[in-house]
Number of protein chains: 2
Amino acid sequence: MDGFVMNAKEYLKKLSSELDGPIRSYIADEEPKNLIESSRQYPYAGGKRMRPAMVLAACGAVGGRTEDAMPLAVAIEYIHNFTLIHDDLMDGDEVRRGMTTIHVGYGMPTAVLAGDALFAKAFQIMADMDISGEKLKEVMQYVTLSVWDLARGQQMDVNNEGKLVPEEVYIETIKLKTSVLFAAAAAGGAIVGGADKKTVEAIHAYALDLGLGFQMFDDYLGVAGDPKKTGKSAGNDLRKGKCTCLITHAMRTITDEKDMAKLKSVLGNLDATDEECAAATEVLRRNGSIDYALSLARDKVESAKSRLGVLADSEYKDFMIALADFAIDREV
Amino acid sequence: MDGFVMNAKEYLKKLSSELDGPIRSYIADEEPKNLIESSRQYPYAGGKRMRPAMVLAACGAVGGRTEDAMPLAVAIEYIHNFTLIHDDLMDGDEVRRGMTTIHVGYGMPTAVLAGDALFAKAFQIMADMDISGEKLKEVMQYVTLSVWDLARGQQMDVNNEGKLVPEEVYIETIKLKTSVLFAAAAAGGAIVGGADKKTVEAIHAYALDLGLGFQMFDDYLGVAGDPKKTGKSAGNDLRKGKCTCLITHAMRTITDEKDMAKLKSVLGNLDATDEECAAATEVLRRNGSIDYALSLARDKVESAKSRLGVLADSEYKDFMIALADFAIDREV
């Protein structure tokens, strides 16, 4: 297992470094400077670059040349970054990737415009790709639907803030917020690589499940992870009242009134003490809610990997499998 | 002249009513409801719909079937409306088309997301168009560049607020903010209609000039128009310190110190009295700055019309000419 984990992280790093030049090549020096600078900030700063790596891997895994998928990889990363700029503005977050967020550094109007500009640039890059018009149409259909869905997911997140929602609403929200762009990236890479419809759909399904598993494991880490490693203070997800799959499980299975009271006293309570959070976490553990989240994440990752039977062996397929394993075997 | 004006307005109304059904057909009832409602609000409420009308007219004028251009017309209108939602948020405007703006009615996050969602939907509609992949690429290249440029223009507007800028900066800003999407709409319609490259470029140049003329005449109306008809209170543009072509002209031509003082005392001064504004307007009139704006607008409209020599006679060509005349012969 450990070998695979190393592999996924290292291979991701390798792909990320190949992406670095292209990501810096599409936004020319133009006026006005503050718009150009602010739209460059997030994509240039790095991040995990999992989505563009997925574009390249999917293209390679179906026998395509990864260079051909490079523009799409950049476009997908720009789209991801445009959503981050707007997300940070909406959430009022002040720091990302070690720098002040765009709305803090440049003001709200520039954050709105830098996001819009990156979005436009992403589609401009796609329109200029050296692929057939028919392939472009197919890629566009996946990508545009994913951005529409992403906005729906973010809106659901805004609407559900501080609410306890049913598990199907939770899953729908993380699917729309996280998985759909991931899946569009993978499908797009496969289309550019020349995959047939069945293979494109299998790879799309793989990435959709992988995204879900990744997010569920994030939720698990948020409560059960080591704060020193995750960088998130213990109990943070509880205090914020994040309605994750741990909480949806707890809400429908805890029968003991005292246990339920302990949990509810910290959920969405920013003033909850570390001791109260630890007690609530213990309730979740005893109730099996933490194991439940882990098992959900594992199921999704197994489901994701099972989709890859359509692919011939290759380093790219190995990476896609390793990335799935990595999704649920990490400390941060 | 009057006949033409009536014609342009009536024909625009006719095209707008043909657009109404299609504009209402692409945003399905989905969750979450507040995102769907808010993204529908501006496009459903109407407006002049000049951009989508331009798509249809350009398609018809090159011999295409206007039905074929209907999806692109809707997409262009969605893009225009996405920029309005974000613009209203950035400017803090509270009313549009007789309703509260999105950020006022639904909050800032929903305004950001409704704009993003409309933008995504616009490209989704384009990707689904029943045209060849090659045509799609061409259309996309015009449209994506125009949205990128639009963001640049809006940023310039933000940056230049309250500043006196040189005339070339003023013209570049209104070109990017207003004309480029207009021009992309016209070029896109012509491409869908099957025009050759030369014709597409001529129609693009026509709409670019028309957009400039339209905006320059708006600036003229803002100072010289009848407040009862424009709906804008007299002196508003002066009090806001809008750096229009009237002002750039005045700044480089007024030699009398008292006149200059009268003008500068109201520019960007929200407390300026109606009398002070009237005196400044009189300075502009006496100095020829009002006539100058009118002559600039007229030149642009003449230039726009001169591009249409490539087109055979048709009702659509007539409309495009009438629309150009209407741009500088209106009271509102």
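Just after helix α3 of chain A, A:Gly63 takes a positive phi of about 95 degrees, a feature of a model that is predicted. The helix that comes before A:Gly63 is described next, followed by the relation between the two chains and the surface over which they touch.

**Helix α3 of chain A**

- Helix α3 of chain A covers residues 50–61, and its 12 residues reach 16 Å from the first C-alpha to the last, close to the 16 Å expected at 1.5 Å a residue.
- Because 12 of the 12 residues of α3(A) are buried, the helix is largely enclosed by the rest of the structure.
- Among the buried residues are A:Arg51, A:Pro52, A:Cys59 and A:Gly60, as well as A:Met50 and A:Ala61.

**Relation between the chains**

- A turn of 180 degrees, with a shift of 0.0 Å along the axis, lays chain A on chain B with an RMSD of 0.1 Å.
- The two copies are thus related as by a two-fold rotation axis.
- In chain A, the C-alpha nearest the axis belongs to A:Gly133, which lies 1.7 Å from it.
- Both copies use the same surface, since 100% of the contact residues of chain A recur in chain B.

**The contact between chains A and B**

- The contact takes 40 residues from chain A and 40 residues from chain B.
- On the side of chain A that touches chain B, at least two residues each are supplied by α2 (33–45), α4 (66–91), α6 (108–127) and α7 (133–160), and the largest share, 17 residues, comes from α7(A).
- Sorted by class, this side of chain A has 21 nonpolar, 11 polar and 8 charged residues.

Terms used. Residues are numbered from 1 along each chain as its sequence is written. Chains are lettered from A and ligands numbered from 1 in the order in which they are written. This is a predicted model: local features need pLDDT of at least 70, side-chain atom pairs count only at pLDDT 80 or more; totals for chains, interfaces and linings use all residues. Copies are superposed by least squares on the C-alpha atoms of residues with pLDDT of at least 70 in both. Two residues are in contact if their C-beta atoms, placed from the backbone, lie within 7 Å. Helices (H or I, at least four residues) and strands (E, at least two) are DSSP runs, numbered from the N terminus. The expected span of a helix is 1.5 Å times one less than its number of residues. A residue is buried if 20 or more other C-beta atoms lie within 10 Å of its own, exposed if 12 or fewer, and partly exposed in between; C-beta atoms are placed from the backbone. Ala, Val, Leu, Ile, Met, Phe, Trp, Tyr, Cys and Pro count as nonpolar, Asp, Glu, Lys and Arg as charged, and the others, Gly among them, as polar.
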